[in-house]
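Biologist: I should be grateful for a close look at a single part of this protein chain. Please describe its surroundings first, and then place it in the wider picture.

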Amino acid sequence: QLSCLLRMVTLHGIPEDLDSYPRDLLLFLSPSDYAATGSCSQYFSNIGKANLDVLPRESPQRKQLLLEALACLKIPGTQINEENAEILGRLVCDLGGEYIRSSGGILLKDLSQCESFLPDQEEAIRDVISSGNTTFGPPAAWSAFTLRDLTGLIPVFDHNILQEIPK
C-alpha cells in the first residue's frame, strides 16, 4: 500500500512538502529522490523515526537503507557517535555486532527500542554491558532507573549479567 501511495504522490515529481507525509512512506523512496527536497541526513533522520518493520528485517531494501545511511553520514569505520546514532534512529537495530562493540555503550539506549536481535548483535550487547565501560556503568552499579532505560535489552542479558545486577 505504501509503495502504491508513493507512486501516486510522486506521479508529477517529488513534492517539496515530502516531510509532511507519513515517514513510513519514505522507506520506499531512495535518498537520491529525496535529495531534491532536503539533505540525506534529514532523509535518514526521518527514516530512523519510521516503522522499519514495514520492510522485512533481512530484505535487500532494508539492508540498502542502512548502507546508504552509513555512507550519507560518512561513517568511516564501525564506530557510531551519539549524533549519528540519533539520526539513524531505528536503523541502529540493523547494525551488526561489530558496530555495537566499536560504539560501546552509545548505542545501548537506542538498541533497547528494537523488537529483536540477531545472534551476533546479542553477543555484542552482552560484551559491551559486561565490559562496564558504558554511561550506565557495570551491572553491579545499576539501579531500577537503569533497568527501565534498558528494558528492551533485558531478554539479551545472560546469567552472568543478571547475577551482577543488585536486587
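**A serine in a loop, and its setting**

Modeller: Serine 112 counts as buried because its relative accessibility is 8%, and buried means under 20%. Please bear in mind from the outset that this is a predicted model. Serine 112 has its place in the loop between α8 and α9.

Let us begin with the side chain. The side chain of serine 112 reaches the backbone oxygen of lysine 109 at 2.7 Å. A polar contact also joins the side chain of serine 112 to the side chain of glutamine 113, at 3.4 Å. If residues up to four places away in sequence are not counted, serine 112 touches Asp149, Leu150, Gly152 and Leu153.

One of those partners, leucine 150, appears again when we turn to aspartate 110. The C-alpha atoms of aspartate 110 and leucine 150 are separated by 9.0 Å, although the two residues are 40 residues apart along the chain. Aspartate 110 belongs to helix α8, which covers residues 108-111. Whereas serine 112 is buried, aspartate 110 is partly exposed because its relative accessible area is 26%. Apart from residues up to four places away in sequence, aspartate 110 touches Ala85 and Val92.

A second serine, serine 103, offers a useful parallel. Serine 103 is found in helix α7, made up of residues 97-103. At 5% relative accessibility, serine 103 counts as buried. A polar atom of the side chain of serine 103 lies 2.8 Å from the backbone nitrogen of isoleucine 80. Isoleucine 80 is also among the contacts of serine 103, together with Thr78 and Gln79, once neighbours within four places in sequence are left aside.

Helix α7 leads us to the largest pocket, which holds about 220 Å³ of space. Fourteen residues would be many to name, but of the 14 that line this pocket, the closest to its centre are Lys63, Leu66, Asp94, Leu95 and Gly96. The helices α5 (60-72), α7 and α9 (119-131) each supply at least two residues of the lining, and α5 gives the most, with four residues. By class, the lining has six nonpolar, two polar and six charged residues. Domain 1 (1-94) and domain 2 (115-166) each provide at least three residues of this lining.

Just ahead of α5, the loop between α4 (40-48) and α5 contains leucine 52. Leucine 52 is buried, since its relative accessible area is 3%. Not counting residues up to four places away in sequence, leucine 52 touches Leu27, Ile47, Arg62, Arg90 and Leu91. The C-alpha atoms of leucine 52 and arginine 23 are 9.8 Å from each other, with the residues 29 apart along the chain.

Finally, consider the whole chain. Its secondary structure comes to eleven helices and zero strands. Of its 167 residues, 43% count as buried, and serine 112 counts as buried too. Among contacts between residues at least 6 apart in sequence, 51% join residues at least 24 apart.

Methods: Residues are numbered from 1 along each chain as its sequence is written. This is a predicted model: local features need pLDDT of at least 70, side-chain atom pairs count only at pLDDT 80 or more; totals for chains, interfaces and linings use all residues. Side-chain values use heavy atoms; hydrogens and water are left out. Buried means under 20% relative accessible area, exposed over 50%, partly exposed in between (1.4 Å probe, protein chains only). A polar contact is a pair of N or O atoms within 3.5 Å; within protein, one must be able to donate a hydrogen and the other to accept it, and residues adjacent in sequence count only if both atoms are side-chain atoms. Contact means heavy atoms within 4.5 Å. On a 1 Å grid over the protein atoms alone, a cavity is a set of points where a 1.4 Å probe fits but cannot get out, and a pocket is an open set with protein on both sides within 12 Å along at least five of seven lines; lining residues have an atom within 4 Å of a point. Grid points are joined across faces, edges and corners, and a volume is the space filled by probe spheres set on the points. Ala, Val, Leu, Ile, Met, Phe, Trp, Tyr, Cys and Pro count as nonpolar, Asp, Glu, Lys and Arg as charged, and the others, Gly among them, as polar. Domain bounds come from an automatic or database domain assignment.
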